[in-house]
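Here is a short guided walk to read with the model open on your screen. Turn the structure as you go, and pause wherever something catches your eye.

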Amino acid sequence: MEPADEILEEEDAALEIPADPMRLNMGPSHPAMHGTIRMVLDLDGETVMNVDVQPGYLHRGFEKSCERGTWSQVFPYVDRLNYVSPMLNNVGFALAVEKLLDVKVPDRGQYYRVILGELARICDHFTCNGASAMELGAFTPFLWLLKVRDWIWDILEKETGARMTHSFGRIGGMAAPPTEGFKDDVRAIMPEVRKVVGEAEALLLKNRIFLDRMEGVGKLSKERALALGVTGPVLRSTGVAYDVRKDHPYLVYDRFDFDVPVGTDGDNWDRFMVRTEEIRQSLRIIEQALEQMPDEGPVSIDDPRIMLPEKREVYSTIEATIAHFKLVMEGLKAPKGAVYSFTEGGNGELGFYIVSDGSGTPYRVRVRPPCWFNLQAAREMIMGDMIADIIPTFGSVNMIGGECDR
Amino acid sequence: MSAKAVKKLQSVLGDAILETTNFRGDEEVRVALKDWVRIAEVLRDDPDLAMDHFTDLTAVDWPEREMEGQPRFDVLFAVRSLSKRHRIRVKVYVKDGEEVPTLCGVWAGANWAEREVFDMFGIRFAGHRDLRRILLYEEFEGYPLRKDYPIDRVQPLVEYRDVDDTLKLPPFGIEEGQPFARVDWEERLAGRDEQVSPSIGLQQGQRRALSDSEIAETQFTKKAEETAAE
Amino acid sequence: MGEVKTIVGAASGESFFTTKFESLLAWARKYSLFQYPFATACCGMEFFSVAGPRYDIARFGAEAPRFSPRQSDVLWVVGTISQRQGPALKRIYEQMAEPKWVVSFGTCASCGGFYDNYTTIPGVDKIVPVDVYIPGCPPRPEAVLDGLMLLMEKIQNGNREPVTVLPKVVPEQAQLRGKRALPVTRGDKEGA
């Protein structure tokens, strides 16, 4: 402690100059606000006394847009919800409609979904961790982690045809079976990815600046997190081992052996470490899934009322042409009713509450965006900290505009 | 979701539950509006239910139901229990213009969800401390997720520049793309009842974009009013 | 550079060249573009990639992002612009000092994309003048680099007509899903 500070403490605040709280606008276009958001801060010196977090700058009318197409036409919109891991959204929405239709995808398709989804999750966590580090001035780890993301995107591109917005999921399966060298491609990058995780840790975990700005900053308690509806890595960092893959297994997640990493304090450091560890667990899941995945067999259900017929048949037989026409023009007819289906997205529980009125058009598609509830908790994490702490805290909450504002 | 939770709930609050449904394994109960907060408190505090994890709160619009004399909206929330791992959905019918008591006091997570429902459907929550628009802007008129709000009615904040749109391809240019499988709600609701809802009057007519001078003017008058109030 | 004339001095053997002052200035400008990334949505992820190690926009002298509009030359509008965001975008454009250029990155910024609804601005050209349109949802990094080259060309020529990145002829092998070798060798070559 500096001598001057000691005097100040002893003689109390008599020496301090009284100051009015200052109101500061952050955003909606701020370099550290990846995504787009506005915060109105009330500051006392550098301490945040109050904050009004204002999302909505990327509201794109997702839910309204879904209400005018067919069920299949929702997929491109779903891709652009959490655009860091589109495949997880694809699978989540497909599962919701499948729950409504009460159908189950063949085993091979389920494994295919798991592997692609976990690859997407790795991208998601890499991007979040890399961006958090970059915002604290560590540019090298960011580039290091982006490198891996491009490797994974190569595989996804080879499988789906698009680098990030795949629209590859289908109601009742996937758009196409795995390509020939799929398993080898994934196996080839696994050790490399694992190596880079270690390298990124080596670059960051002993860095004094990084430690100081992450440890003990942006704390959230377990009880508040639950009441606020927080899920995903942010919830797990507070010590709650809630992972949809473990607690309510969907697809074939009950057949894998993996751990759910949890933190203790719910600070930035815990959130960073939970994500890093989850990358390792995802790699474990992928390894097991590659072992168990059958090489032969269909990836999609065989039901002409749900799946589009093969292109070859559409051009050669009248039945397939009619089926194709009906499915594309009228859409598949989902039974009347409402279901809530939830999966583990990149940021937590990604839920779809879908209502069907029995026609080919969704009556209502409500997505429960994990970011929305995580961001709601950001206010409590930020308050009382310094203004500079907003950057790492906001980074580790990982707000994704497309999903949060829809 | 768990049937056990519903049974327990019926034993505690049998009179309040109007209807229970189980569709594809999702448990849903419907209650009356007056029991909305009471049931939430029981769900949270009862040791056998222990629904401490807030999941979601949303609404669904049924304008055609209103024409049959039923309440127009469904408002529903979903919660889960961390320790028991069960889930439940609670639904209530709400008439247009009716206020729903807020759940912010039970689960803090309801705050933004209720603001969003207000923003998108125009359902007000009684007792909510900070009921503002959250996804849209204050100047926006109408509630976009109501079925009678046309999807393409824009309310720009900035005056558009004069650009030639004729070169753009449909559906962004002159012609709206294929009409197949698209629901035209204006047509579907047309002729059935003149007045769909009390608030539709507000939603009629395209709001024209404000010019820069007008925006400056309104800001100026606002400021003047504020200073006058002080 | 525009017109360049090389003259070799008869007496000393030294060479020099002459050009117009505007050409020299434009030449300097186009290789040191300071950019303001107005990144809002999905396209931002591809913008990361363009700035990342594989595609490396720094090769074109355009790597330095400036988060103050006063210091930047190019406004990259990356992603969907909602009606609520419109005033912010307009204000940032107005704060930039001349000369300034605008690149519209992706379909949403160019025409609103498939978000033709109540909340999305159907193209940022409704609010600010656009120099280069890069279509794609999101555009591939190669297309973005193409767009940057187009912008450089425009700066050199002093031409303010809007231009669009056009699709290249697709090589036959790219159309075969899964049959294609992965584009770049990994690990051993890049970064390591």
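Which residue of E2(A) does Met22(A) stand opposite? The partner of Met22(A) is Leu43(A). Please keep in mind throughout that this is a predicted model.

**The sheet of chain A**

That pair is a good way into an open sheet of three strands in chain A, ordered E1-E2-E3 and paired in the antiparallel sense. Its edge strands are E1 (22-26) and E3 (47-54), each of which pairs on one side only. On average, neighbouring strands of the sheet are turned by 20° against each other, with direction ignored.

The two pairings can be set side by side:

| Strand pair | Sense | Bridges | A residue pair to look for |
|---|---|---|---|
| E1(A) and E2(A) | antiparallel | five | Arg23(A) opposite Asp42(A) |
| E2(A) and E3(A) | antiparallel | seven | Met39(A) with Val53(A) |

Strand E2 of chain A covers residues 38-44. To find your way across the sheet, begin at Arg23(A), which stands opposite Asp42(A) in E2(A). Then move along E2(A) to Met39(A), whose bridge partner in E3(A) is Val53(A).

How many residues lie between E2(A) and E3(A) in their hairpin? There are two, and Gly45(A) in the turn has a positive phi of about 65°.

**Two helices of chain A**

Now look further along chain A, to helix H4 (residues 86-101) and helix H5 (residues 107-135). Their axes come within 7 Å and cross at roughly 140°. An angle over 145 degrees would count as roughly antiparallel, so at this crossing H4(A) is oblique to H5(A).

Which residues make the contact? From H4(A) come Pro86(A), Met87(A), Leu88(A) and Val91(A). H5(A) contributes Arg113(A), Leu116(A), Gly117(A), Ala120(A) and Arg121(A). By class, the contact of H4(A) with H5(A) has six nonpolar residues, one polar and two charged.

**Where chain C touches chain A**

Chain C meets chain A through 37 of its own residues, which are in contact with 36 residues of chain A. Two helices of chain C, H2 (43-51) and H3 (86-95), each supply at least two residues of the side that touches chain A. Which element gives the most to that side of chain C? The answer is H2(C), with five residues. In chemical terms, the side of chain C that touches chain A has 16 nonpolar, 13 polar and eight charged residues.

**The two domains of chain C**

Chain C is itself divided by the domain assignment into domain 1 (1-30) and domain 2 (32-168). Taken over C-alpha atoms, the centres of these two domains of chain C are separated by 32 Å. Six residues of domain 1 are in contact with six residues of domain 2 in chain C. On the domain 1 side, the residues of chain C that touch domain 2 divide into three nonpolar, one polar and two charged.

**Chain B as a whole**

To finish, step back and look at chain B, which has seven helices and seven strands. Read along its sequence, chain B follows the pattern α-β-β-α-β-α-β-β-β-α-β-α-α-α. How much of chain B counts as buried? Of its 230 residues, 33% do. Among the contacts in chain B with a separation of 6 or more, 57% involve residues 24 or more positions apart.

Terms used. Residues numbered from 1 in each chain as written. Chains lettered and ligands numbered in written order. Predicted model: local features only at pLDDT ≥ 70, side-chain atom pairs only at ≥ 80, totals over all residues. Contact = placed C-beta atoms within 7 Å. Helix = DSSP H or I, 4+ residues; strand = E, 2+ residues; numbered from the N terminus. Nonpolar A, V, L, I, M, F, W, Y, C, P; charged D, E, K, R; others polar. Pairing = 2+ DSSP bridges. Axes fitted to C-alpha atoms, helices over the stretch in contact; angles between N-to-C directions. Parallel < 35°, antiparallel > 145°, perpendicular 65-115°, else oblique. Buried ≥ 20, exposed ≤ 12 C-beta atoms within 10 Å, placed from the backbone. Domains from an automatic or database assignment.
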